[in-house]
Amino acid sequence: IIAKHQFEAQQLDEAVASLTWLSQHAQLDELRAIAHFRLAGVLFEQKKYDDALQFLGQPAPESFAGLLADRRGDVLLAQDKRSEAIDAYTQAWKFLGEQPDYRRLVEAKLGTLGVSLGDAAPPSSLVPGASP
């Protein structure tokens with residue numbers, strides 16, 4: 001909650017510090033995954049793409065795999081790594097099967113990159129560190 005308010009107030013460095021603290025001290029894997037997801041979003045806003053990718057590559061419960069892959073696709077696309085972004089969005093689409101609204105958003109991102117779902121090959125790998 002603190003990091004959200006800091007982000008909304010454009011106190012991005014403070015939001016990074018709050019989310020970093022949470023990611024290092026969270027007892028639950030799910031809470032740590034949320035911290036990594038949000039931290040990557042703040043770092044994305046700061047155009048610190050490599051730092052964002054480091055947090056998106058941390059081990060996380062499989063239930064977060066789709067969200068993390070989608071955000072990874074956004075970061076990779078911002079870095080002009082089109083093919084890697086397509087792979088990340090394809091992973092996200094696969095993992096978001098039970099979340100149709102979010103899955104349609106990822107499908108739209110793939111569409112803007114010229115990839116139809118019929119063209120989307122299966123992901124080359126799972127989300128790094130994802131646990132079953």
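Ala, Val, Leu, Ile, Met, Phe, Trp, Tyr, Cys and Pro count here as nonpolar, Asp, Glu, Lys and Arg as charged, and the others, Gly among them, as polar. The model is predicted, so that local features need pLDDT of at least 70 and side-chain atom pairs count only at pLDDT 80 or more, while totals for chains, interfaces and linings use all residues. Residues are numbered from 1 along each chain as its sequence is written, and side-chain values use heavy atoms, with hydrogens and water left out.

The largest pocket (an open set of points on a 1 Å grid over the protein atoms alone, where a 1.4 Å probe fits, with protein on both sides within 12 Å along at least five of seven lines) has a volume of about 420 Å³. Among the 18 residues that line this pocket (an atom within 4 Å of a point), Ala3, Lys4, Leu19, Arg38 and Val42 are the closest to its centre. H3 provides the largest share of the lining, 8 residues.

The axes of helix H3 (residues 29-45) and helix H5 (residues 65-78) come within 11 Å and cross at roughly 15°, which makes H3 roughly parallel to H5 (angles under 35 degrees). In their contact (heavy atoms within 4.5 Å), Ala33, Phe37, Arg38, Ala40, Gly41 and Phe44 of H3 meet Leu67, Leu68, Arg71, Asp74, Val75 and Ala78 of H5.

The classes compare as follows.

| Region | Nonpolar | Polar | Charged |
|---|---|---|---|
| Contact of H3 with H5 | 8 residues | 1 residue | 3 residues |
| Lining of the largest pocket | 11 residues | 2 residues | 5 residues |

Definitions and conventions: Axes fitted to C-alpha atoms, helices over the stretch in contact; angles between N-to-C directions. Helix = DSSP H or I, 4+ residues; strand = E, 2+ residues; numbered from the N terminus. Parallel < 35°, antiparallel > 145°, perpendicular 65-115°, else oblique. Points joined across faces, edges and corners; volume = space filled by probe spheres on them.
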